[in-house]
Structures are given as structure tokens and as C-alpha cells.
Amino acid sequence: MTGSTQYGWITGYTDGTFRPGNTITRSEVTAIVNRMLCRSADKNYVDSHADTLRQFVDLRSSYWAYHHIM
């Protein structure tokens with residue numbers, strides 16, 4: 001994990017913890033993979049094309065990882 005934090009791939013939670021015993025979520029995996037591949041979400045594209053993109057019933061546009069996933 002040391003290398004992954006040094007590269008900025010894994011940043012932990014907002015309270016400064018990492019919680020390695022927790023099950024990783026889809027949102028966390030997506031955020032980590034995007035960081036590893038130096039990809040960032042094109043928020044303007046996602047927002048302006050939301051009606052043509054595949055939607056997920058469990059994903060709200062207000063969720064922190066919405067743009068990462070979309």
C-alpha cells in the first residue's frame with residue numbers, strides 16, 4: 001500500500017483513515033483505477049450527455065463518485 005499512497009492512487013477517507021479491513025466498493029475501485037491510469041472524469045461531458053449514457057439505478061448524480069463511475 002505504501003507505493004499506492006505515494007503515487008496518489010489510494011488517498012484514504014476524509015478523516016485520514018484507510019480501513020483496509022473493509023470490503024472495497026465499486027466507487028472506490030473506480031476512483032483508484034482512474035487515478036492509476038491518470039484518467040479524470042469529464043464532468044461537463046457526463047452532465048451534458050446524461051440522457052444518452054448508460055444509467056445505473058443505484059447511482060445518483062449527487063454521489064461523490066458519480067462522475068468517476070459514469
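1. Let's start at R19, where a polar contact of 3.1 Å links this side chain to that of T17. Please keep in mind as you read that this is a predicted model. R19 sits in the loop between helix 1 (2-6) and helix 2, and at 36% relative accessibility R19 counts as partly exposed.

2. R19 has a charged partner too: its side chain meets that of D15 in a salt bridge, with 2.9 Å from N to O. D15 is likewise partly exposed, its relative accessible area being 48%. For a sense of distance along this part of the chain, the C-alpha atoms of R19 and S40 are separated by 24 Å, and the two residues are 21 apart in sequence.

3. How many salt bridges does the structure hold? There are two. Besides the D15 and R19 pair, D58 forms one with R26, and here the closest N and O atoms are 3.2 Å apart. D58 lies in the loop between helix 3 (43-48) and helix 4 (66-69), while R26 belongs to helix 2 (residues 26-36), so this pair ties together parts that are 32 residues apart in sequence.

4. The two ends of that second pair fall into separate accessibility classes: D58 counts as exposed, at 54% relative accessibility, whereas R26 counts as partly exposed, at 37%.

5. Now a residue you may want to look at on screen: E28, which is found in helix 2. Which side chain of opposite charge is nearest to E28, and how far away is it? The nearest is R19, at 6.6 Å. A salt bridge needs a nitrogen and a carboxyl oxygen within 4 Å, and E28, although buried, has no salt bridge. In general terms, side chains of opposite charge can pair when their charged atoms come close.

6. What does E28 touch instead? Leaving aside neighbours within four places in sequence, E28 is in contact with Y13, T23 and W64.

7. E28 has company in being buried. The buried residues of helix 2 are S27, E28, T30, A31, I32 and N34. Helix 4 is included in what covers them.

8. A last detail for anyone checking the backbone: just after helix 2, C38 takes a positive phi of about 55 degrees.

9. To pull the charged residues together: R19 pairs with D15, R26 pairs with D58, and E28 is buried without a salt bridge. If you have the structure open, R19 is a handy place to begin, with its polar contact to T17 and its salt bridge to D15.

Conventions
Residues numbered from 1 in each chain as written. Predicted model: local features only at pLDDT ≥ 70, side-chain atom pairs only at ≥ 80, totals over all residues. Heavy atoms only, no water. Buried < 20%, exposed > 50% of the residue type's maximum accessible area, 1.4 Å probe, protein only. Helix = DSSP H or I, 4+ residues; strand = E, 2+ residues; numbered from the N terminus. Lys, Arg positive; Asp, Glu negative; His and termini not counted. Contact = heavy atoms within 4.5 Å. Polar contact = N/O pair within 3.5 Å; in protein donor to acceptor, adjacent residues only side chain to side chain.
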